[in-house]
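This briefing gathers what can be said about local geometry, packing and confidence in the structure shown below. Please read it alongside the sequence and the coordinates.

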Amino acid sequence: MSLTLSDFADFFGAVNEERRPNERDQPSKRIGPFAWQKRLLEQVAMTGRWPDVISAPTGSGKSAVVEVHVFANALAAAGAAKRVPRRLAMVVDRRALVDSHVVRAERIRDALRAGTDPVLQEVKRCLSLLTSATDATDPDGSPLVVAELRGGMSPDSGWIDDPSACTVIGATPDMWGSRLLLRGYGARPQARPREAGLLAYDAAMVLDESHLNRQLLRTAQRVAELTERFEQDLGVPTLQVVQTTATPAADDVSHPQSVIGVEQADLDGVDHDELARRLTRPKPVTFVESPSWPSRIPAPQSHIDTLVQQVLELCRPGGSSTQQTGPLGCMVNHVDTAVRVARQLKERGLEVGCWVGRKRPMDIDKLLKDHSELFDSGKSNATDVKKPGELFDPSTTDDSVPDTPAPPLDVLVATQTVEVGVDLDLRGLVTELASASALAQRCGRVNRRGRLDEAPVVVVGPQASKPIRDLPPYSAADLEEGRAWLARLEPAQGLSPWAVRSMPPPPAAKRRLYFMRPELSDAWRLAATSDQEFEDESLGLWLRDDLEDDALTAGLVLRGPLPLDDSESMELLLATPPHPDETYPVKLGDLRIVADRVLAGDSTDRARAFLYRQQSREETFTFLRSSSDIRPGDVVVIDKGHAVTEHGVVVTELPSRRETVQTVWGPDRVWVAVRDHPAPDGLAFWSDILRDLAEVGAESAQAEFDLQTVGTTVQGKITVPRSEEDPTEFSWLVVTGDEVNNADESVRQEWTTSGDSVPLDKHSEAVRDRAELMTVRIGLSPEWRQVTIDAAACHDLGKDHPGFQRALGQAPAGPLLAKSATRTPQQLRADKRAAGLPRGWRHEHRSVLHALGQLEGRPHLNLTLRLIGTSHGYGRALTPQRGKELCAPGDPAEWQSRADELYDFGEWASIVGETDRTIGVWACAYLEAVVRAADCQVSREGS
């Protein structure tokens, strides 16, 4: 088939099939796109540009921009639409809500991977024409890349390995904005330019409920303006900024707007009955006064009792919620309140779920998998149960989860984390008073599909006779406006989305007087990503409406069992870095309180903590000495036994009891054994493998292991620490699957998982060819295409240094190598030290000396040299070594003087500064990302 616009309805239905749990043998119901979603696709496909504003009430399907993005890219690949941005970033100001957009994108990816529907197969074929990766980006067969960037979790960086692929990114404002400004929170400094370039070029950003993030909107629009007006035209789209909201604020933009959204005609007629039900079914509101409305946190117990009583009233037979299928919701303003309400409801015998921003993705995933009724008020039981982790740890058996269906939820207790973007479908709601816009969003989670004739909403607020005080996240003025707005609503309709559209909520009070915008001088300063700064750049002025530090986040990971010896634990953590799924997002101030408690030794567990931070040096873990050392985006790892959670939420007060917490070891396909904490057989499970390793004196092995305990076979690598006293003695062991090793960028630079070493000439040729393919697939202008190809061909030539070759294990008379055969990171570090290379020595800066002789006379030579020297993220603008350290005996006579001029006397910094000014900060970063991606793809494939 040949893909056309008219196929969108079939595609939309194929990726949004709806099947009831008791109707597995019946044909599934396909959901078609609404008329406004079709209009959105038509504009994007026909113009190549997203609108400035998507104006649509809650429940009208704004999240379907993901389907529009994927299908528009497929149309463009088929030649049936204009060139559209390859990357779509869905940015929302709720940490847990990022998951919802990611889940939606993953559902589309999975449908493309396994779907047999002709339209799915054709979309998959078209998207595969875009990507330059030979494995179609996903080894399981989907050409769609999905990534998640949010605070408190280790960064997801796989999306930067293919600039040509259709990509969907879920992100929080701080995580997306800091990356756009070349200072990505939690990102390795070397990856920051790549991320910035790929977010500023060939990308669209959809800012959900933009009234919550007016500063970020202003910053994003300014960067889009800078790239379009002051940077070279690379032949790919510059950043397109979209705000989605039911009521766009006039002061958020300074240019004419193009708007697409829901219109009255979209609700008229039989064909539009589904959307009309969603937007017009009544949600009558009852206001209940709390006798002890909180003026601080924690809230008085009597206020908690009031909330609980209102939930019980809706739950009881004959209560306000007469249709008893599906769960009720209880939304509150603070995590502490949510935890206490959940505890009390559970004590009353109700089945309670708790969803706040501080839960781990693996816990949220389990909640959602266990309780499909959350997304369909017509469902009454869960069907799919997912065991958390899916990992095997032979030293731990107490975390097993029974493979039985979870009982249906009676109540979901949540904070404002579920206000925006989550497709919840609740049969009724009890909520604390909040700002008017927040109340409108909360009620958008009630009867979302319009299957109930009406759904009650109870708002618990302060007594009219008592003054309201500021209580973040809301000011007293916001709460007063919210109460007054509720009184103005039409009683019969209450908080139905169409009634809210007719009576828009007043905007929340501005949390700052002025909004900032980055200028060219700011961009030039931020572009110096590899220069050491006395203090990290503060980005709050450009990213956040709220300038309080409490808005910043970091992460907490529980690991167990860790070796009793601290140094052995450190080595084990280096071999198993944190994974996003196991990371608790925590406010920075709260994490510091928890860390102080752990370091003070106020429990029976070990008083130690480890700090994980992406940084320029190889070691990413250090001992945490003081909680003040924790920065935004850091991850703190502690031993599993500490009591730090309640209802799966990290709390600042010591919990009354210690929860059993499921722990894993980083990504899937990692297995760990620890001698200090043996399973029935301890490390005897691995005795045969360990004995073989000891006989050959190896620290890693490339073999196929039949892991009968997990019923699978993994092709991978064994990592074990070596005891200097007894090399056959092991304190821990890690088995890692090849897919995990291939995803490690730092590993791929110097060794390959293919099992064989890689000659330098073959690797350089492969990277050059991949860069050529990639630039064609992207559509880079010919002028910049040749510059990129030349840089890719030369970027690794500096690996010919004799010391580097010794570090790779090459004999003096053998062919030059680009990568050694498989070794552990520990062995690589030891070999580089033994080879006599200075700490921080970089081969790509020696590659610049090669390129000066080979590329003399080429157009844009300085840009080509810059792309070579910054191909791994270093040298922007200072370099980590002096010129004399790059040269070796036998080099051309003029190399030493050129190296001195470049790296000792400032010429290199001049080249970097000049290209930033003439080509553009984000344009240079984008081209660097393309060169690096070509190298990463080739390395991932084993070449």
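In this predicted model, the count of aromatic pairs comes to eight. One of them is formed by phenylalanine 11 and phenylalanine 71, a tilted pair whose centres lie 5.4 Å apart and whose planes make an angle of 35 degrees. This pair links distant parts of the chain, since phenylalanine 11 belongs to helix H1 (residues 8-15) and phenylalanine 71 to helix H3 (residues 65-77), 60 residues apart.

**Aromatic pairs**

- Phenylalanine 11 and phenylalanine 71 are both buried, and ring pairs link these two residues with Phe8 and Phe12 into a cluster.
- The rings of tyrosine 612 and phenylalanine 621 have centres 5.0 Å apart and planes at 50 degrees; that angle falls between the limits of 30 degrees for stacked and 60 degrees for edge-to-face, so the pair is classed as tilted.
- Tyrosine 612 has a relative accessibility of 7% and therefore counts as buried, and phenylalanine 621, with a relative accessible area of 4%, is buried as well.

**Nonpolar cores**

- The largest nonpolar core holds 88 residues, of which Trp159, Trp176, Met205, Leu234, Trp922 and Tyr926 touch the most other members.
- Helix H31 (residues 921-940) supplies the largest share of this core, namely 12 residues.
- Leucine 234, when residues up to four places away in sequence are not counted, touches Tyr201, Gly779, Leu780, Ser781, Trp784, Ala923, Tyr926 and Leu927.
- A second core, separate from the one just described, comprises 53 residues and includes Phe11, Leu40, Val68 and Leu275.

**Strand S11 and its partners**

- From strand S11 (residues 328-331), Leu328 and Cys330 point one way while Gly329 and Met331 point the other way, and all of these residues are buried.
- Such a pattern is expected because side chains in a regular strand alternate between the two faces of the sheet.
- S11 runs parallel to strand S13 (residues 411-414), to which it is joined by four bridges, and in this pairing glycine 329 stands opposite leucine 412.
- S11 also pairs in the parallel sense with strand S14 (residues 429-432), over three bridges, and here glycine 329 stands opposite leucine 429.

**The surroundings of aspartate 266**

- Aspartate 266 is found in the loop between strand S9 (259-261) and helix H9 (273-280), and its relative accessibility of 4% means that this residue counts as buried.
- The side chain of aspartate 266 makes a polar contact of 3.0 Å with the side chain of arginine 39, and also reaches the backbone nitrogen of glutamate 263 at 2.8 Å.
- Apart from neighbours within four places in sequence, aspartate 266 is in contact with Ala35, Trp36, Arg39, Gly261, His272 and Leu275, and Leu275 is also listed among the members of the second nonpolar core.

**Backbone geometry**

- Glycine 560 and proline 561 are joined by a cis peptide bond with an omega of about -5 degrees, and proline 561 lies in the loop between strand S16 (553-559) and helix H18 (566-575).
- Another cis peptide bond, with an omega of about 5 degrees, joins arginine 876 and alanine 877; alanine 877 is placed in the loop between helix H28 (861-869) and helix H29 (895-903).
- Asparagine 447, although not a glycine, has a positive phi of about 50 degrees; this residue sits in the loop between helix H13 (436-443) and strand S15 (457-462), and is buried with a relative accessible area of 0%.
- Histidine 860, likewise not a glycine, has a positive phi of about 55 degrees and lies in the loop between helix H27 (843-854) and H28; with a relative accessible area of 28%, histidine 860 is partly exposed.

**Confidence**

- The mean pLDDT of the protein is 82, and 78% of its residues reach 70 or more.
- Over residues 19-28 the pLDDT stays under 50, and for this stretch the model has 14 contacts beyond four places in sequence.
- The pLDDT also stays under 50 over residues 696-715, for which the model has 58 contacts beyond four places in sequence.

Note on methods: Residues numbered from 1 in each chain as written. Predicted model: local features only at pLDDT ≥ 70, side-chain atom pairs only at ≥ 80, totals over all residues. Heavy atoms only, no water. Phe/Tyr/Trp six-rings, centres within 6.5 Å; stacked < 30°, edge-to-face > 60°. Helix = DSSP H or I, 4+ residues; strand = E, 2+ residues; numbered from the N terminus. Buried < 20%, exposed > 50% of the residue type's maximum accessible area, 1.4 Å probe, protein only. pLDDT = per-residue confidence, 0-100. Contact = heavy atoms within 4.5 Å. Pairing = 2+ DSSP bridges. Core = buried A, V, L, I, M, F, W, Y, C linked by side-chain atoms within 4.5 Å. Polar contact = N/O pair within 3.5 Å; in protein donor to acceptor, adjacent residues only side chain to side chain.
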